[in-house]
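I opened my notebook to look up charged pairs and one histidine. These are my entries.

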Amino acid sequence: MKIKGDRVKDNKPLVSGRLYRLDQSRTVIFEEGETGDVVNIIFTIGNHQYGIYGNEYKPPFIDDKGGKKADILVLVVDDKRRSFCSWVLDVKKSVGGEDVICHLVEQLIQSVKHKRAITTYLEEYEEEQHIGYITRDLQRDRIQETICKKREYLDKEKANIKGMPALIGMEAHLSLLKEEAKLRLISAFQNDCIETGGRTYKIEGYISREQNGKFVYDLEAAC
C-alpha cells in the first residue's frame, strides 16, 4: 500500500504540517525559522521507490494544542525489497541545557508516534530507523555536569525527607520522583538513547557546519 502526499513543485514553498511525496531524486531544503539553520535533504529515489517528507508534521486527528512534533520527518520506501528507511529529526541551535533536552526528547517521542501512524500500513516492511537531532553545538560536558548536580541534589533531599513529618515528606517525595524522571531522561540522552513505552531507542546527533554565513547540514535520504 502506497502512502499519499502532495507533489513537491518547483518554485512553490512547502507548507508546514503537510506530507509531500517524491517519486524521483531531488533535494528538499528545510530552514529553521528562528535560527535560519538549513538542512538539505538529499533524496535518492531508485526504481520501485518513493520518498515522503513532512515539516513539523502530525496526523490531522491530533489536537493542535496537544501534539508536539519534530522539525523533519522523512521516509524512503522500497516496494520491491519491502523495506523503508525513516528519519525523525529536530533542529536545535545548541543541545546541552536541561530544558532543551527535555523538550527535544518529548518532541522526538511524539514524532515517532506520528510516524507510526503513517507507517502502520507498512507493517510488513523492514524498517531502518533514524531518530535524532541536528545542532551547531552539542555540549556533552554541560550535560554531564547537570547529571552530576542532579544526583547530588537528589541524594541530599532524600536524606532530608527522612526527618520530615509524614504529609510534608510525601509532597517532597512526589517532587523528587519528577526530578528522578528528569535524571533518567537526561542520563539516557547522554548515552544517545530515549526511552518510551518500555522500549529504548538509539538517537543520533548530527553537527551542522557554517557555510556562507549559515549553518548547514546535508542529510542523505536513501534506502
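**Notebook: charged pairs and a histidine**

I began with Arg82. This residue is partly exposed, with a relative accessible area of 40%. I keep in mind that the model is predicted.

Which residue does Arg82 pair with? I found a salt bridge to Glu124, with the closest N and O atoms 2.9 Å apart. I then placed both partners. Glu124 sits in the loop between α1 (98-119) and β8, while Arg82 sits in the loop between β6 (72-78) and β7 (83-95). The pair therefore ties together parts that are 42 residues apart in sequence. Is Glu124 buried or exposed? I read 62% relative accessibility for Glu124, so this residue counts as exposed, the cut-off being over 50%.

Next I looked up a network. Glu98, Lys150, Glu179 and Lys182 are joined into one by salt bridges that share partners.

I asked how many salt bridges the structure holds. The count is 16.

Then I turned to Arg136. Its salt bridge partner is Asp37, and their closest N and O atoms are 2.8 Å apart. I noted that Arg136 belongs to strand β8 (residues 126-138). Asp37 belongs to the loop between β3 (26-31) and β4 (38-43). This salt bridge ties together parts that are 99 residues apart in sequence. I checked accessibility for each partner. Asp37 has a relative accessible area of 4%, so Asp37 is buried, the limit being under 20%. Arg136 has 25% and is partly exposed.

I moved on to Asp78. Its side chain meets that of Arg81 in a salt bridge, at 3.0 Å from N to O. Which partner is buried, and which is exposed? Asp78 is the buried one, at 5% relative accessibility. Arg81 counts as exposed, at 51%.

My last entry concerns His130. I located His130 in strand β8. Arg136 is in strand β8 too. With a relative accessible area of 13%, His130 is buried. What does the side chain of His130 make a polar contact with? I found the side chain of Glu204, at 3.0 Å. I also listed the contacts of His130, leaving aside its neighbours within four places in sequence. The list reads Ser86, Trp87, Val88, Glu204 and Tyr206. Glu204 thus appears in both of my His130 look-ups, as a polar contact and in the contact list.

Key. Residues numbered from 1 in each chain as written. Predicted model: local features only at pLDDT ≥ 70, side-chain atom pairs only at ≥ 80, totals over all residues. Heavy atoms only, no water. Salt bridge = Lys/Arg side-chain N within 4 Å of Asp/Glu carboxyl O. Helix = DSSP H or I, 4+ residues; strand = E, 2+ residues; numbered from the N terminus. Buried < 20%, exposed > 50% of the residue type's maximum accessible area, 1.4 Å probe, protein only. Polar contact = N/O pair within 3.5 Å; in protein donor to acceptor, adjacent residues only side chain to side chain. Contact = heavy atoms within 4.5 Å.
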